[in-house]
Amino acid sequence: MSSDQVITAATAIAGVIGWPVGHSLSPAIHNAAFAEVGVDGIYVGLPVPPGQAGDAVASMRLFGWLGLSVTMPHKFDVMSAVDRVTDTAGQLASVNCVFREGDELVGDSTDGAGFVNGLRAELGVEVAGRSVAVVGAGGAARAVVHAVGAAEASDVIVVNRTLQRAEIAAALAPATGRVGTVEDLRSVDIVVNATPMGMADTDQAAALPFDVSIVQDEAVVCDLIYHPSATPLLVAAQARGLRTQNGVSMLVHQAAVAFELWTGVAAPVETMTAAAARAIGSRS
Ligand code: NAP
């Protein structure tokens, strides 16, 4: 919220449901966006205990809220509370955004689109026709696998320590997905770390998800982690002169897709990126 914003009875409300939710960067990102484009809206954190996602969605219906972001532990439960889910959310069995379409509340998953859009916007890299390896097979990895498969990556290779989870993730790119090993990283165009290895303030802060010396000189190395902005993986990749991207890109671009679904207004991505960087910086 900008210092001169006036909240009135007409101010539209959006927010993020989660438990806990106090750590979320989304209020900083979306309030900066509302202020930049002049939409009379406010975005708040909504702490919703486990098992009560349905009540939160009912509140959105009752109060006419503009939209909701959804984070842990509600991403699955929200599916049965909305009127319908998009194909993407249905295939991932995960909702991170609820928007209105006429009288209906629709659940979507915008993380994967955020990854693909961020790669295009920030590095000028199109996924179509390129080979992509995703290291990890959790929720973030599955969203990326699904999105790069839909964006017609030539190969989508999932590398994960638990084979069964890798198989489930690879199936989300039905035409080109397969399970691979670290050896596959030698030949791909784009490598994505979707594990928490390298995340600040955890016992994995110094961990490397793979040895970056094996990737090709032309490869793009992406990390979905945004804290720190340069993980040990990205530091090593940059030392080799490789193109890199951190997790701020996916974070901001998934929010941009949600913002556009809620408001119908083009998201001010630069303003949102600056707000995310400030919010992350203020925590460090
Ligand atoms: P998750 O569901 O817990 O999945 C984590 C994945 O990492 C699993 O596949 C796990 O392997 C693997 N893993 C964890 N520690 C490992 C280790 N020490 N060695 C090998 N593999 C390991 O987590 P998530 O929600 O997908 O999040 C993954 C990362 O993405 C996190 O760093 C998160 O901050 C980031 N993220 C970023 C954004 C963004 O907008 N930028 C959004 C969401 C998440 P197993 O399957 O074998 O357990």
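User: Which elements each supply at least two residues of the shell around the ligand?

Analyst: They are α5 (139–150) and α8 (248–263), where a helix is a DSSP run of H or I with at least four residues, a strand is a run of E with at least two, and both are numbered from the N terminus. The model is a predicted one, in which local features need pLDDT of at least 70 and side-chain atom pairs count only at pLDDT 80 or more, while totals for chains, interfaces and linings use all residues. Residues are numbered from 1 along each chain as its sequence is written, and side-chain values use heavy atoms, with hydrogens and water left out.

User: What makes a residue part of that shell, and how many residues surround the ligand?

Analyst: A residue counts if one of its heavy atoms lies within 4 Å of the ligand. The ligand is surrounded by 21 residues, of which A137, R161, T162, R165 and Q204 are the closest. By class, eleven are nonpolar, eight polar and two charged, with Ala, Val, Leu, Ile, Met, Phe, Trp, Tyr, Cys and Pro taken as nonpolar, Asp, Glu, Lys and Arg as charged, and the others, Gly among them, as polar.

User: Why is the pair formed by A140 and the ligand called a polar contact?

Analyst: The term requires a pair of N or O atoms within 3.5 Å; within protein, one must also be able to donate a hydrogen and the other to accept it, and residues adjacent in sequence count only if both atoms are side-chain atoms. A backbone N or O atom of A140 lies 2.8 Å from an oxygen atom of the ligand, and so the pair meets the cut-off. For G138, a backbone N or O atom is 3.4 Å from a ligand oxygen, and a polar backbone atom of L251 is 3.3 Å from one. The protein buries 74% of the 930 Å² that the ligand exposes when taken alone, by the Shrake-Rupley method with a 1.4 Å probe.

User: Why is E152 called exposed?

Analyst: Exposed means over 50% relative accessible area, buried under 20%, and partly exposed in between, with a 1.4 Å probe and protein chains only; E152 has 58%, and is therefore exposed. E152 sits in the loop between α5 and β8 (155–159), and its phi is near 65°, a positive value in a residue other than glycine.

User: How do you know that D201 is exposed?

Analyst: The relative accessible area of D201 is 72%, so D201 is exposed. D201 lies in the loop between β10 (190–193) and β11, and has a positive phi of about 60° although it is not a glycine.
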